[in-house]
Amino acid sequence: MEKTIRTQFVKEFLEAVLTLESVDECMDFFEDVKEVQSIAQRFAVAKLLKDGKTYAEVANETGASTATISRVNRSLNYGNASYDKVFARLEEKNKA
């Protein structure tokens, strides 16, 4: 498989995910997928870092390694702002 995320496999997978209509459907779909736990952990790490938590606090709360925390932090600081976009949308959704 290629190193870039922009592959036909990933596109088809994400299109399938977008057909899911609820959190329960997502839980069912991802129930047997260990990788989703890693993705969720990285999301939690990003959220805690955005909230100003230290690496030690993030590691304690999530169980993530400092290497994972560092990679997520790099993505937050030098990535394509996708985390910021998602966090903003979630904040707006929670206000409604």
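**Notebook: pockets and salt bridges**

I began with the walls of the largest pocket: helix H1 (8-18), helix H2 (23-30), helix H3 (34-50), helix H5 (66-78) and helix H6 (82-95) each supply at least two residues of its lining. I note that the model is predicted.

**Entry: the largest pocket**

I looked up its volume. The largest pocket holds about 1,800 Å³. Which helix gives the most to the lining of this pocket? H6 does, with eight residues. I then listed the lining, which runs to 34 residues. Leu14, Val17, Ile39, Phe43 and Val86 lie nearest the centre of the pocket. I sorted the lining by class. I found 22 nonpolar, five polar and seven charged residues.

**Entry: the second largest pocket**

I went on to the second largest pocket, with about 150 Å³ of space. Its lining is Phe43, Lys47, Lys50, Asp51, Phe87, Leu90 and Asn94. H3 and H6 each supply at least two of these lining residues. By class I noted three nonpolar, one polar and three charged. Phe43 was a name I had written down before: it lines this pocket and is among the residues nearest the centre of the largest one.

**Entry: salt bridges**

How many salt bridges are there? The count comes to five. I followed up three.

I took Lys11 and Glu15 to start. Their closest N and O atoms are 3.7 Å apart. Both sit in helix H1, four residues apart, so about one helical turn separates them. Lys11 is partly exposed, at 46% relative accessible area. Glu15 is partly exposed too, at 41%.

Next I checked Asp84 and Lys50. This salt bridge has its closest N and O atoms 2.8 Å apart. Asp84 lies in helix H6 and Lys50 in helix H3, so the pair ties together parts that are 34 residues apart in sequence. Asp84 is partly exposed at 31% relative accessibility. Lys50 is partly exposed at 45%. I had already met Lys50 in the lining of the second largest pocket.

Then I turned to Lys95 and Glu91. Their side chains meet in a salt bridge at 3.8 Å, N to O. The two are four residues apart in helix H6, so about one helical turn lies between them. Is Lys95 buried or exposed? Lys95 counts as exposed, because its relative accessibility is 57% and the cut-off is over 50%. Glu91, at 48%, counts as partly exposed. I also found a network here: salt bridges with shared partners join Glu91, Glu92 and Lys95.

Methods: Residues numbered from 1 in each chain as written. Predicted model: local features only at pLDDT ≥ 70, side-chain atom pairs only at ≥ 80, totals over all residues. Heavy atoms only, no water. 1 Å grid on protein atoms, 1.4 Å probe; cavity = no way out; pocket = protein on both sides within 12 Å on 5 of 7 lines; lining within 4 Å. Points joined across faces, edges and corners; volume = space filled by probe spheres on them. Nonpolar A, V, L, I, M, F, W, Y, C, P; charged D, E, K, R; others polar. Salt bridge = Lys/Arg side-chain N within 4 Å of Asp/Glu carboxyl O. Buried < 20%, exposed > 50% of the residue type's maximum accessible area, 1.4 Å probe, protein only.
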